[in-house]
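Welcome, and thank you for coming along. Open your viewer, find the selection tool, and we will walk through this model one stop at a time.

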Amino acid sequence: MAAEAFCNRVLERAQAHDANAKISSVSRRDLDDATLVRVDTSSASSLGVLNSLRNAWPLATVTLVENLLNGRKEAQVLLPNEREQPE
């Protein structure tokens, strides 16, 4: 899945629970070529966003992290590379 398409789908899922959700960062890890997307969400909707993302991408690792710069909650989605997904 192309990174841009993946990011758009993550954002659509997040905005279904939090209309103000926005992608705060996207990165590709050098170590394993996995894609990491962080979505800024409100605290009130974060659990709904997490559950929706987990249901959509069962192979991804979805966690909630706190951005120490601004104190906001961010849903973090780590999608393994295509070689590791079958494992």
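Start by selecting V77. Leaving out residues up to four places away in sequence, V77 touches F6, V10, T35, L36, V37, L53, A60, T61 and V62. Keep in mind as you look that this is a predicted model.

**The core around your first stop**

Now select F6, V10, V39 and L53 together with V77: these have the most contacts inside the largest nonpolar core, which has 16 residues. Two or more residues of this core come from each of helix 1 (3-15), strand 2 (35-41), helix 2 (46-56) and strand 4. Which of the elements gives the most to this core? Helix 1 does, with four residues.

**The sheet**

Next, show the strands. There are four of them in an open sheet, paired antiparallel in the order 1-2-4-3. Pick out strand 1 (22-28) and strand 3: they stand at the edges with a single partner strand each, so one side of each has no neighbour in the sheet. Turn the view to see the twist, which averages 20° from one strand to the next.

Zoom in on strand 1 and strand 2, an antiparallel pair joined by six bridges. Select R28 and you will find T35 of strand 2 standing opposite.

**The helices**

Bring helix 1 back into view. Helix 1 lies across strand 1, strand 2 and strand 4, and runs at about 30° to strand 2. Helix 2 also packs on the sheet, where it touches strand 2, strand 3 and strand 4. The direction of helix 2 makes about 160° with that of strand 3.

Stay with helix 1 and select L11, which lies in it. Is L11 buried or partly exposed? L11 counts as partly exposed because its relative accessibility is 21%, and buried would mean under 20%. Setting aside neighbours within four places in sequence, L11 is in contact with A21, K22 and I23. You can also try the distance tool from L11 to R38: they are 27 residues apart in sequence, and their C-alpha atoms are 9.6 Å apart in space.

**A last stop in a loop**

Finally, select N67, in the loop between strand 3 (61-66) and strand 4 (73-79). N67 counts as buried, because its relative accessibility is 16%. Beyond its neighbours within four places in sequence, N67 is in contact with R72 and E74. Show the side chains of N67 and E74 to see the polar contact of 3.0 Å that joins them.

Methods: Residues are numbered from 1 along each chain as its sequence is written. This is a predicted model: local features need pLDDT of at least 70, side-chain atom pairs count only at pLDDT 80 or more; totals for chains, interfaces and linings use all residues. Side-chain values use heavy atoms; hydrogens and water are left out. Buried means under 20% relative accessible area, exposed over 50%, partly exposed in between (1.4 Å probe, protein chains only). A polar contact is a pair of N or O atoms within 3.5 Å; within protein, one must be able to donate a hydrogen and the other to accept it, and residues adjacent in sequence count only if both atoms are side-chain atoms. Contact means heavy atoms within 4.5 Å. A nonpolar core is a set of buried Ala, Val, Leu, Ile, Met, Phe, Trp, Tyr and Cys residues joined through side-chain atoms within 4.5 Å. Two strands pair if DSSP finds at least two bridges between them. Axes are lines fitted to C-alpha atoms, for helices over the stretch in contact, and angles run from 0 to 180 degrees between N-to-C directions.
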